[in-house]
Amino acid sequence: MINRIFLMGILLVCFATTTIAQNYTEANLMIDYEDVDSDGVLTATTEEMLQTLLENVTKEGAIVQIELTAHAANRTIGESRLEPFALFFNKQKIKAEKVKLVTQVDDNNQVHIQILVEPTSEALTTVEQTIEPLKGKVYCTGKSKKAEVFVIPSHSNIDIKGKEGTEVLINRHDLMYEDGQAVQEPIRVELKEFYKTEDILRAELHTMEGDQVLETGGMLNLKITANEKPLELKRGKSAKIKMPAQTAKNKEGMNLYFGKRMPNGAVDWRLEERPTPIANPTVSNSRGNTEESVAFNPSSYIQLKKTSIIDSITSKLKVHVKAKHAISNNYPNYSREKVVHSHEEEYFDLELPYLNPDIVDGIWLNADYPIRDPFAPKPVDIMVQIESVPHQGRNIDGEWMSYKPTVALMLKNQAVFLRGNMELDNPVRKQQKIKFSDVPKNEEVILVAFLDTGKELLFASYELTATKDIEIPPLHLKSMSKIDFDDAMASIAN
């Protein structure tokens, strides 16, 4: 996925009035990024500015070269920032050899666009050619959500809380570099939380362990580095993570699943169980007593626990009732008493046994429950055809290329999200067919398809009860405003 651009101020376009050595006219555009790298696409405002820039320079003559220079903290970030610009110029039918991509490691957080124009009357070439993709870039599930970044000072432990309630606690001395060296430098923690249905759909996440259907209680993406190098836990050490359970439809029986990246970019899940089961733990309740963890599983790294949340503290006037002292003439004694107003919440207490340093985009965690009912009826297959899929352009062979909309199937009454397989892709007819296998029978399901082209938002959905193998009526993608799109996604989430 590619990175969203945040305009930090006024975009300045400067057209040089003098010619350079090759008698070219030079146009420059500088776009600032926010400091933290995030996910998304070019904004409509940015595309409009780039389009205006192209329209102006082509009036001066023919484009000789477009040089895109990304200034970033490292080359990986720089390359990812260049990718949306390269795609934009590709759509504008600029020849691949005319676009030069450059990364420069510094802290300027900018992209500099420099266009050289030959002052002739020739029009901009319209030869369609695909710009070569940036090397090493693969589609990556979950990139739709911006990571929350925490910087832990030297000699401090990791003790953070995400915006949606996730808590991560790790002792610094329990971490090390891959070569076993101790971590003395500041630690960078990047956290993405996926508890809401809308976030899970947008991130194209699914709840499957191979062909086994899972129900999720929440997913996390956690990346812990120092000096841009991944860190791992020492043998026998663990990280403590608390995941809020209030959004989970089913809170009991959850287990820890680690995400495994598949060749197509999707995340598949695999169960992680304790090699040696532990004794039954206890947890203090709000009354100071102890009680067993809910639905305790001695082999699981996740326990469902309760905690008392303080909502407010008020002061109450307390009067010691007694008569006025006849001799001293003193009035009754008064005192103030604090009253604590609180409520109980359940949370998933997770013990993370290791960090995998080989996962470049961080470690994927899932609180999941396997749906294994031996008496359940045989699952069914559902085929869906997506219509009105817009063209992305032509490839170098002149064949039409179409966008790939996100298509997901979710259960209405359970937090289950299934992954489909592409059966047919017909760019000429703007059609795609997706097959969802092993859908739990007699369940109410929602099919949703959506696409953000950068210029428009497209959406379609369909509800049914999975009673048999079926091919449902085609889903026609329809353009809608961002407000309507957000409302449609929120409606599905509810």
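The following exercises, each with a worked solution, concern a predicted model of a protein.

**Exercise 1. Characterise the protein as a whole by its secondary structure, burial, contacts and surface.**

Solution.
Step 1. The secondary structure consists of 4 helices and 34 strands.
Step 2. The protein has 494 residues, and 44% of them count as buried.
Step 3. Among contacts with a separation of 6 or more, 74% are between residues 24 or more positions apart.
Step 4. The accessible surface is about 25,900 Å², and carbon and sulfur atoms contribute 48% of that area.

**Exercise 2. Determine the strand order of the open sheet of 5 strands, and state which strands stand at the edges.**

Solution.
Step 1. The order is β27-β26-β30-β31-β34, and the pairing is antiparallel.
Step 2. The edge positions belong to β27 (417-418) and β34 (478-480); each has a single partner strand, so one side of each lacks a neighbour in the sheet.
Step 3. In general, the strands of a sheet pair through backbone hydrogen bonds, in either a parallel or an antiparallel arrangement.

**Exercise 3. Follow the antiparallel pairings from β27 to β34, giving bridges and facing residues.**

Solution.
Step 1. β27 pairs with β26 over 2 bridges, with L418 in β27 as the bridge partner of L409. A hairpin of 5 residues connects β26 to β27.
Step 2. Between β26 and β30 there are 6 bridges; here L411 stands opposite V445 in β30.
Step 3. β30 and β31 are paired over 9 bridges, and F450 is opposite F459 in β31. These two strands form a hairpin with 4 residues between them, where G454 in the turn has a positive phi of about 95°.
Step 4. Strand β31 (residues 457-465) pairs with β34 over 3 bridges. F459 faces K478 in β34, while L457 stands opposite M480.
Step 5. Combining steps 3 and 4, F459 in β31 stands opposite F450 and also opposite K478 in β34.

**Exercise 4. Is β26 covered or uncovered on its faces, and which helix lies across this strand?**

Solution.
Step 1. In β26, 6 of 6 residues are buried, so by the cut-off of under 20% relative accessible area the strand is mostly covered.
Step 2. One side carries T406, A408 and M410, the other V407, L409 and L411; these residues are all buried, and both faces are covered.
Step 3. Helix α4 (residues 482-493) lies across β26 (406-411), and likewise across β30 (444-452), β31 and β34. The helix runs at about 25° to β31.

**Exercise 5. Classify N221 and V340 as buried, partly exposed or exposed, and describe the surroundings of N221 and the patch that includes V340.**

Solution.
Step 1. N221 is a residue of strand β12 (residues 212-226). Its relative accessibility is 6%, and N221 therefore counts as buried.
Step 2. Leaving aside residues up to four places away in sequence, N221 touches E190, L191, K192, F194, D361, G362, I363 and W364.
Step 3. V340 belongs to strand β21 (residues 334-352). With a relative accessible area of 47%, V340 is partly exposed, because that class lies between the cut-offs of 20% and 50%.
Step 4. Together with I310 and I313, V340 forms a nonpolar patch on the surface, with a joint accessible area of about 290 Å².

Notes:
Residues numbered from 1 in each chain as written. Predicted model: local features only at pLDDT ≥ 70, side-chain atom pairs only at ≥ 80, totals over all residues. Heavy atoms only, no water. Pairing = 2+ DSSP bridges. Contact = heavy atoms within 4.5 Å. Axes fitted to C-alpha atoms, helices over the stretch in contact; angles between N-to-C directions. Buried < 20%, exposed > 50% of the residue type's maximum accessible area, 1.4 Å probe, protein only. Patch = residues over 30% accessible without salt bridge, like charges linked within 9 Å, V, L, I, M, F, W, Y side chains within 5 Å. Areas by Shrake-Rupley, 256 points an atom, 1.4 Å probe, with all protein chains shown as cover. Salt bridge = Lys/Arg side-chain N within 4 Å of Asp/Glu carboxyl O.
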